[in-house]
Amino acid sequence: MKLVIMTKSTFFVEENIILSALFDEGMTNLHLFKPGATQLYTERLLTLLPEEHYKKITLHDQYYLKDEYGLAGIHIDNPMEDIPNGYKGNVSRTCCDLSSLKMMKKKSKYVFLKNIHDCIEFKKEKQTFNNMQLMEASRSGLIDKHVYALGGMSIDNIKAAKDLGFGGVVICGDLWCRFNIHNQMDFKDLISHFKKLRYAAD
């Protein structure tokens with residue numbers, strides 16, 4: 001099972017140091033998700049990261065930076081948004097409902113199925129599907145190795161996602177809640193938790 005780490009939605013001072021440490025610990029798929037961020041801040045973070053890891057980073061915005069930095073690909077969050085004109089490369093997408101999942105899979109390397117559980121970082125984003133719906137989607141082949149579980153994913157529910165046939169899990173709040181960006185410098189707990197997540201996803 002693939003393990004995707006999504007960045008915290010806001011920038012913070014130690015972010016590049018922590019991300020570099022996560023890459024060193026074996027992170028292979030980072031989604032750079034900074035809604036509303038300016039190009040200046042996004043580029044600043046990228047330039048502070050070791051270049052050898054650029055090919056493991058997927059952009060959620062400012063898609064033109066993909067080629068400039070040799071990144072892994074782009075991710076389209078809005079189900080109604082088309083792939084940018086002339087874009088060539090990997091595309092992943094976010095899907096909010098089961099009815100459009102089959103179509104989404106056809107034009108994506110992989111798809112995030114959103115709101116599997118209540119979101120940890122964005123409290124207003126609530127669980128959309130019940131277990132019966134997910135089990136039926138799994139039985140019918142809608143959920144497969146190209147569909148990754150997003151929304152409230154944590155060390156506690158990775159096994160359930162694996163049992164449903166998800167090809168990956170997207171971890172955000174469960175990792176970043178281990179580090180207080182306002183008054184903490186030591187991120188050993190965060191790195192230790194990442195190692196547990198890797199083990200659970202294997």
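Biologist: Which residue lies over the face of Phe 11, and at what distance from the ring centre?

Modeller: In this predicted model, Lys 34 occupies that position, 4.7 Å from the centre of the Phe 11 ring.

Biologist: How should one read a contact between two aromatic rings, and how many aromatic pairs does a search of the whole structure find?

Modeller: Two quantities describe such a pair: the distance between the ring centres and the angle between the ring planes. Here the search of the whole structure yields eight aromatic pairs. One of them joins Phe 12 and Trp 176, with 5.8 Å centre to centre and 70 degrees between the planes, an edge-to-face arrangement. This pair links distant parts of the chain, 164 residues apart: Phe 12 is in the loop between strand E1 (2-6) and helix H1 (15-24), while Trp 176 belongs to helix H7 (residues 173-176).

Biologist: Why does Phe 12 count as buried?

Modeller: The cut-off for buried is under 20% relative accessible area. Phe 12 has 10% relative accessibility, so it counts as buried. Trp 176 counts as buried because its relative accessibility is 4%.

Biologist: Why is the pair of Phe 12 and Phe 179 described as tilted?

Modeller: Planes under 30 degrees apart count as stacked and those over 60 as edge-to-face, the rest being tilted. The planes of Phe 12 and Phe 179 stand at 40 degrees, with ring centres 6.0 Å apart, so this pair is tilted. Phe 179 lies in the loop between H7 and helix H8 (188-201) and Phe 12 in the loop between E1 and H1, so the contact ties together parts 167 residues apart in sequence. Both Phe 12 and Phe 179 are buried. Through ring pairs, Phe 12, Trp 176 and Phe 179 are linked into a cluster.

Biologist: What should one look for in a strand such as E1, and which strands pair with E1?

Modeller: In a regular strand, side chains alternate between the two faces of the sheet. Four of the five residues of E1 are buried, so the strand is mostly covered. E1 pairs in the parallel sense with strand E8 (residues 168-171) over four bridges, and Leu 3 stands opposite Val 169 in E8. E1 also runs parallel to strand E2 (residues 30-32), to which two bridges join it; Ile 5 has Leu 30 of E2 as its bridge partner.

Biologist: Which elements make a β-α-β unit, and is the unit right-handed or left-handed?

Modeller: The unit consists of E1, H1 and E2, and it is right-handed.

Biologist: What is found at the start of helix H5 (residues 131-139), and what follows H5?

Modeller: At its start, a side-chain oxygen of Asn 130 comes within 3.1 Å of the backbone nitrogen of Met 132. After H5 comes Gly 141, with a positive phi near 90 degrees.

Conventions: Residues numbered from 1 in each chain as written. Predicted model: local features only at pLDDT ≥ 70, side-chain atom pairs only at ≥ 80, totals over all residues. Heavy atoms only, no water. Phe/Tyr/Trp six-rings, centres within 6.5 Å; stacked < 30°, edge-to-face > 60°. Buried < 20%, exposed > 50% of the residue type's maximum accessible area, 1.4 Å probe, protein only. Lys NZ or Arg CZ within 6 Å of the ring centre and 35° of its normal. Polar contact = N/O pair within 3.5 Å; in protein donor to acceptor, adjacent residues only side chain to side chain. Pairing = 2+ DSSP bridges. Right-handed = clockwise from strand over helix to strand, strands pointing away.
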